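Me: I would like to go through this model step by step. Could we begin once the structure is on screen?

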Amino acid sequence: MLLNEFDDNKDAIINPKMCAKRIDDFPKITISCFSKELFNNVLLALAGKEICYVHSATGLNPVYEVEYKGERFALFHSLVGAPLCTSQYQDLTVMGSKKLILLVNCVVLDKSIEDCGIFISTSALRDEGTSYHYAKARYGLNN
């Protein structure tokens with residue numbers, strides 16, 4: 001059943017290393033968000049400098065280096081859609097990124113959660129299709 005499917009073969013016909021190259025001294029942590037307004041505000045506040053691009057069928061998406069409290073980070077604006085977002089992060093991983101912090105906006109139906117509050121998701125429903133390539137399902141419909 002689709003909710004439990006997983007392909008653990010790491011070799012695809014087209015692999016990220018075919019499309020991107022390692023960049024010496026690339027920041028180990030990448031920060032991204034979907035909100036263009038938030039991205040532009042962070043980029044301006046931290047005086048980001050362009051270090052490379054990630055490629056897609058929609059064109060080039062610049063990646064910036066920013067510094068905060070003495071730490072270096074890569075910063076890029078994620079485009080909406082799991083396959084596009086994931087393919088861009090695969091390229092960033094080849095370039096040298098080790099971790100991704102992705103800031104997202106969402107709607108909540110629980111009135112006890114404060115507007116613009118911060119919460120960390122500990123689980124998710126697999127419904128977008130991309131996650132089937134990266135991790136086995138932890139819970140099936142029969143569990």
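**Helix H2 and its surroundings**

Reply: This is a predicted model. The buried residues of H2 pack against S1, S2, S3, S4 and strand S5 (99–103).

Me: Which residues of H2 are buried?

Reply: Cys85, Gln88, Tyr89, Asp91, Leu92, Val94 and Met95 of H2 are buried.

Me: Why would residues three or four places apart in a helix point the same way?

Reply: An α-helix has 3.6 residues a turn, so residues at that spacing point the same way.

Me: How far does H2 reach from its first C-alpha to its last?

Reply: H2 has 14 residues and reaches 20 Å, close to the 20 Å expected at 1.5 Å a residue. Just after H2, Gly96 takes a positive phi of about 140°.

Me: Let me step back to the whole chain. What pattern does the protein chain follow along the sequence?

Reply: The pattern is β-α-β-β-β-α-β, with two helices and five strands in the protein chain.

Me: What share of the protein chain counts as buried?

Reply: Of its 143 residues, 24% count as buried. As for contacts in the protein chain with a separation of 6 or more, 66% come from residues 24 or more positions apart.

Me: Now the interior. Which residues make up the largest nonpolar core?

Reply: The largest nonpolar core has eleven residues, namely Ala20, Phe26, Cys52, Val54, Val63, Ala74, Phe76, Tyr89, Leu92, Val94 and Met95. Strand S2 (49–56), strand S4 (71–77) and helix H2 (82–95) each supply at least two residues of this core. H2 gives the most to this core, with four residues.

Me: And which residues are among those of the other core?

Reply: Apart from the largest core lies another core of seven residues, among them Phe39, Leu43, Tyr64 and Val66.

Me: Back to Tyr89, then. Which residues does Tyr89 touch, not counting those up to four places away in sequence?

Reply: Tyr89 touches Thr30, Ser97, Lys98, Lys99 and Leu100.

Me: Thr30 is on that list. Where is Thr30 found, and is Thr30 buried or exposed?

Reply: Thr30 is found in strand S1. Thr30 counts as buried because its relative accessibility is 0%, and the limit for buried is under 20%.

Me: What is Thr30 in contact with, leaving aside neighbours within four places in sequence?

Reply: Thr30 is in contact with Ala74, Phe76, Tyr89, Leu92, Ser97, Lys99, Leu100 and Ile101. In addition, Thr30 and Val63 are 33 residues apart in sequence and 9.4 Å apart in space, C-alpha to C-alpha.

Me: Changing topic: how many cavities of 30 Å³ or more does the structure hold?

Reply: The structure holds one cavity of 30 Å³ or more. The largest cavity has a volume of about 30 Å³.

Me: Which residues line the largest cavity?

Reply: The lining consists of Ile31, Ser32, Cys33, Leu38, Phe39, Val42, Leu75 and Leu103. Strand S1 (29–33) and helix H1 (36–45) each supply at least two residues of that lining.

Me: How do the lining residues divide into nonpolar, polar and charged?

Reply: Seven residues of the lining are nonpolar, one is polar and none is charged.

Me: Next, the backbone. Which residue before S1 has a positive phi although it is not a glycine?

Reply: Asp25, in the segment before S1, has a positive phi of about 65° although it is not a glycine. Most residues other than glycine have a negative phi. Asp25 is exposed, with a relative accessible area of 59%.

Me: And what about Lys69 in the loop between S3 and S4?

Reply: Lys69 lies in the loop between strand S3 (59–68) and S4, and has a positive phi of about 50° although it is not a glycine. At 71% relative accessibility, Lys69 counts as exposed.

Me: One last loop. Where does Leu46 lie, and what is its relative accessible area?

Reply: Leu46 lies in the loop between H1 and S2. Leu46 is partly exposed, with a relative accessible area of 25%.

Me: What is Leu46 in contact with, leaving aside its neighbours within four places in sequence?

Reply: Leu46 is in contact with Val66, Glu67 and Tyr68. The C-alpha atoms of Leu46 and Glu65, 19 residues apart along the chain, are separated by 9.1 Å.

Conventions. Residues numbered from 1 in each chain as written. Predicted model: local features only at pLDDT ≥ 70, side-chain atom pairs only at ≥ 80, totals over all residues. Heavy atoms only, no water. Core = buried A, V, L, I, M, F, W, Y, C linked by side-chain atoms within 4.5 Å. Buried < 20%, exposed > 50% of the residue type's maximum accessible area, 1.4 Å probe, protein only. Contact = heavy atoms within 4.5 Å. 1 Å grid on protein atoms, 1.4 Å probe; cavity = no way out; pocket = protein on both sides within 12 Å on 5 of 7 lines; lining within 4 Å. Points joined across faces, edges and corners; volume = space filled by probe spheres on them. Nonpolar A, V, L, I, M, F, W, Y, C, P; charged D, E, K, R; others polar. Expected span 1.5 Å × (residues − 1).
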